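Reader: I have a model open and some questions about its backbone and its ligand shell. Can we go through them briskly?

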Amino acid sequence: MIQQFVDRVPELDFLERKYAEDRAQMIIIYGRRRVGKTELIKKFIQKKRALYFLCTKDSLRENSRELKRGSTNYNGKRIHQRRSLHRV
Ligand SMILES: Nc1ncnc2c1ncn2[C@@H]1O[C@H](COP(=O)(O)OP(=O)(O)OP(=O)(O)O)[C@@H](O)[C@H]1O
Ligand SMILES: [Mg+2]
């Protein structure tokens, strides 16, 4: 965790506005390496009900298993693992 989170006000405002909308959102955050994408996401979800999951370079099956585990820890319920996840 960083000592002091700097700036990112417009980005956080944008995410908050989208979050407040009454429908699902998919936001793609992209940028150069080490520019602060991950910190932005972590700051945004800090006081929200959120599940943060970072994929690894392991197999899709392994990632999907880890996601399932994370979601079970998060809400006590198991997510249904779709067969199609394994076919990519
Ligand atoms: N708003 C911020 N204020 C202060 N430090 C920050 C901020 N955003 C990121 N940092 C610091 O900059 C470094 C890179 O940040 P981060 O890991 O979020 O970048 P990234 O874009 O996700 O990188 P990568 O492309 O490697 O995944 C980290 O040490 C992080 O603590
Ligand atoms: Mg990152």
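Reader: Where along the chain is the place of Asp7?

Author: This is a predicted model. Helix α1 covers residues 9-20. Asp7 has its place in the segment before α1.

Reader: What is the phi of Asp7, which is not a glycine?

Author: Most residues other than glycine have a negative phi. Asp7 departs from that sign, being no glycine yet positive. Its phi is about 60°.

Reader: Is Asp7 buried or exposed?

Author: Count the other C-beta atoms within 10 Å of Asp7: there are 8. A residue with 12 or fewer is exposed. Therefore Asp7 is exposed.

Reader: Which loop holds Arg34?

Author: Helix α2 spans residues 37-45. Arg34 sits in the loop between α1 and α2.

Reader: What is the phi of Arg34?

Author: Arg34 is a residue other than glycine, yet its phi is positive. The value is near 65°.

Reader: And is Arg34 buried or exposed?

Author: Arg34 has 8 C-beta neighbours inside 10 Å. The limit for an exposed residue is 12 or fewer. So Arg34 counts as exposed.

Reader: How do the residues around ligand 1 divide into nonpolar, polar and charged?

Author: The shell includes Asp7 and Arg34, along with Arg8, Arg33, Lys37 and Glu39. Also around ligand 1 are Ile2, Phe5, Val6, Val35, Gly36 and Thr38. The split is 4 nonpolar, 2 polar and 6 charged.

Reader: How many helices and strands are in the chain?

Author: From the N terminus on, the elements run α-α-α. That order matches a count of 3 helices and 0 strands.

Reader: Why does the span of α1 agree with what it should be?

Author: Helix α1 has 12 residues, and at 1.5 Å a residue they should span 16 Å. Its end C-alpha atoms lie at that distance, so the two agree at 16 Å.

Reader: How far does α3 reach from its first C-alpha to its last?

Author: Helix α3 takes in residues 60-75, 16 residues in total. At 1.5 Å a residue, 22 Å is expected. Just after α3 comes Gly76, with a positive phi of about 80°. The reach of α3 itself is close to expectation, at 22 Å.

Reader: How many residues of α1 are buried?

Author: Burial takes 20 or more other C-beta atoms within 10 Å. Across the 88 residues of the chain, buried residues make up 0%. Helix α1 lies largely in the open, because its number of buried residues is 0.

Note on methods: Residues are numbered from 1 along each chain as its sequence is written. Chains are lettered from A and ligands numbered from 1 in the order in which they are written. This is a predicted model: local features need pLDDT of at least 70, side-chain atom pairs count only at pLDDT 80 or more; totals for chains, interfaces and linings use all residues. A residue is near a molecule or strand if its C-beta atom, placed from the backbone, lies within 6 Å of it. Ala, Val, Leu, Ile, Met, Phe, Trp, Tyr, Cys and Pro count as nonpolar, Asp, Glu, Lys and Arg as charged, and the others, Gly among them, as polar. Helices (H or I, at least four residues) and strands (E, at least two) are DSSP runs, numbered from the N terminus. The expected span of a helix is 1.5 Å times one less than its number of residues.
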